[in-house]
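Thanks for coming. I will go through one structure this morning, a piece at a time, and you can follow along on the screen.

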Amino acid sequence: MNLRAFDESIEARRRALELTPGGVHSNVRLSAPNITFARGKGAWLWDVDGNDYVDYLLGQGPNFFGHAPDVLNRSVADAMSRGSVFGSQNVYENPAGEAFLDTVRWADQVRFGSSGTEVVQVALRLARALTGRDKFIRFEGHYHGWLDNVLVKTVNGIPSPASKGQVESHLTDSLMLRFNDLEAVETALAHRHTEVAAVILEPVMCNIGAIPPRPGYLEGVRELCTRYGVVLIFDEVVTGFRLAAGGAAERFGVVPDLATFGKAMAGGWPVAALAGTADLMESLGTGAVNHSGTFNASVGACAAVSASLAALRDDPPYARIEAHGHALMRGLRELGRRHGVPLRVQGLPMAFHVSFGDPEPVTNYEDLQMLDLDRYHRFAAELANQGVWVAGRGVWYVSTTHAEPELEAVLERVDGALEQLVRQ
Ligand code: PMP
């Protein structure tokens with residue numbers, strides 16, 4: 001019997017609806033259960049009613065070191081006691097840049113920014129500047145931020161704006177292709193490479209589903225980009241520092257020309273980065289290509305990057321995270337079988353996708369539409385009720401702080417949620 005009460009969250013929600021549209025400050029949160037959290041520590045969250053939650057959403061990914069990580073908070077607080085932004089360079093920038101380039105080893109230079117959305121834009125701008133071409137190739141279901149040229153909804157493969165007020169013509173900047181279909185990239189580039197500045201992709205499609213690249217796919221895209229003089233951009237905002245210290249580029253052994261980072265890079269601090277080869281990054285330095293921002297490389301941001309990357313270097317967490325993720329994926333499948341529901345678990349142990357349905361394999365956005373996404377949404381709501389915090393879109397992230405007690409708690413709570421679900 002679930003005896004949790006949510007009175008304070010309901011009251012906070014009532015007031016929030018008066019203060020802010022939809023009661024949320026990011027539209028992504030409009031469809032999440034209406035819980036107001038009071039605090040987090042490690043892999044756990046507590047709401048304003050005192051209910052606890054095992055967290056596998058990690059703030060949409062950033063809390064790779066769990067909530068309020070001591071190792072980060074101490075150095076960020078110490079740095080912030082000396083100020084935040086100076087309108088010039090600060091003494092924390094070089095150590096952060098060095099830590100970054102020691103970790104993302106293929107890149108020659110890095111530029112810090114404040115959000116993933118923004119660094120994607122500068123990556124596209126650099127690619128256009130270098131090639132003198134305007135368009136870019138992208139893939140169905142991949143998310144690259146909320147701005148006009150990348151926010152898209154596709155129905156039967158046809159892209160359209162995902163928001164009212166979006167400038168529709170901006171979407172003609174991109175050619176939308178199906179992920180994991182190398183032939184599609186080959187055909188598009190063979191016919192239109194003189195128009196195409198860049199190919200941008202999530203190396204593992206994480207925003208909808210958790211779909212790894214097919215063997216040889218990334219290598220093939222790399223080869224085609226080199227052949228046609230097109231800039232290859234890995235959007236590593238989710239995969240960076242999560243799949244391996246050096247991100248998807250390290251894990252799959254395929255090197256892009258530019259890559260964007262955020263989330264796991266700074267353990268909850270709002271920091272993003274653009275990394276690239278020297279020839280591409282150069283035009284930011286000459287001022288030919290503009291990228292600006294009041295808060296870029298702030299003291300706190302740089303201290304957070306340095307502390308996070310030092311933690312990854314000194315105590316690499318990847319084996320622990322993989323072990324936890326594998327055990328959890330196995331446990332979820334087993335619970336699905338026991339309850340007689342087609343619970344699918346797919347992806348990598350540090351970022352996997354949970355859904356209902358049985359298409360095999362799920363390799364692209366179209367396959368994902370065969371899943372019972374509504375049922376998963378109801379399941380996620382019931383999980384919140386039982387004390388497991390996950391995304392309604394099905395992706396689960398594992399942090400360095402998830403261990404045995406969390407595994408035990410989550411499986412027990414998932415068991416309870418499935419019991420409720422099969423009764424519905
Ligand atoms: N790219 C990818 C792959 C992302 O997952 C996200 C955010 N989910 C973004 C870009 C945009 O990042 P932000 O929300 O920091 O603007």
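**An exposed alanine, then the sheets**

Ala77 has 11 other C-beta atoms within 10 Å, and a residue with 12 or fewer is called exposed, so Ala77 is exposed. Before I go on, please keep in mind that this is a predicted model. Ala77 sits in helix α2. Its C-alpha is 7.7 Å from that of Gly300, although 223 residues separate Ala77 and Gly300 in sequence.

Just ahead of that helix there is a residue to look at for its backbone. Ala68 is in the loop that runs between β3 and α2, the helix of residues 70-80. Ala68 is not a glycine, yet its phi is positive, near 45°. As for burial, Ala68 has 14 C-beta neighbours inside 10 Å and so counts as partly exposed.

Now the sheets. I will take the one with four strands to begin with. This sheet is open, its pairing is mixed, and the strand order is β1-β2-β3-β15. Which strands stand at the edges? They are β1 and β15; each has a single partner strand, so one side of each has no neighbour in the sheet.

Within that sheet, β1, residues 37-41, pairs with β2, residues 44-47, in the antiparallel sense, over four bridges. Phe37 is placed opposite Asp47 of β2. The hairpin that β1 and β2 form has two residues between the strands, and Gly42 in this hairpin has a positive phi near 60°. On the next step across, β2 pairs with β3, residues 52-55, again antiparallel, and here there are three bridges. Leu45 stands opposite Tyr53 of β3.

The other sheet has seven strands. It is open too, with mixed pairing, and its order reads β4-β12-β11-β10-β9-β5-β8. The edge positions go to β4, residues 109-113, and β8, residues 174-177; with a single partner strand each, they have one side left without a neighbour in the sheet. From one strand to the next, the twist averages 20°.

Inside this sheet I will pick out one pair. β9, residues 196-201, and β10, residues 231-235, run parallel and are joined over four bridges. Ile200 has Ile233 in β10 as its bridge partner. Helix α8, residues 278-285, packs on the sheet, where it touches β4, β10, β11 and β12. The direction of α8 makes about 50° with that of β4.

Two of those strands, β11 and β12, are linked by a loop that contains Lys263. Is Lys263 buried or exposed? It has 26 other C-beta atoms within 10 Å, and 20 or more is the cut-off, so Lys263 is buried. Lys263 also has a positive phi, near 35°, and is another residue that is not glycine.

On to the ligand. There are 15 residues around the ligand, and those that come nearest are Ser115, Gly116, Thr117, Gly145 and Val237. Which helix gives the largest share of the shell? That is α4, residues 116-131, with three residues. By type, the shell is made up of five nonpolar, eight polar and two charged residues.

Last, the C-terminal helices I want to mention, starting with α12, residues 373-386. This helix has 14 residues, and at 1.5 Å a residue it should span 20 Å; the C-alpha atoms at its ends are 20 Å apart, so the two agree. Its buried residues are Tyr376, Phe379, Ala380, Glu382, Leu383, Ala384 and Gln386. What do they pack against? The partners are β14, residues 351-356, β15, residues 388-389, and α13, residues 404-423. You will recall β15 from the four-stranded sheet, where it stands at an edge. Right after α12 comes Gly387, with a positive phi near 100°.

One more residue and I am done. Asp367 lies in helix α11, residues 365-368. Asp367 has 19 C-beta neighbours inside 10 Å, and buried starts at 20, so it counts as partly exposed. Leaving out residues up to four places away in sequence, Asp367 touches Pro359 and Val362. Gly247 is elsewhere: it is 120 residues from Asp367 in sequence and 26 Å from it in space, C-alpha to C-alpha.

Note on methods: Residues numbered from 1 in each chain as written. Predicted model: local features only at pLDDT ≥ 70, side-chain atom pairs only at ≥ 80, totals over all residues. Pairing = 2+ DSSP bridges. Axes fitted to C-alpha atoms, helices over the stretch in contact; angles between N-to-C directions. Contact = placed C-beta atoms within 7 Å. Expected span 1.5 Å × (residues − 1). Near = placed C-beta within 6 Å. Nonpolar A, V, L, I, M, F, W, Y, C, P; charged D, E, K, R; others polar.
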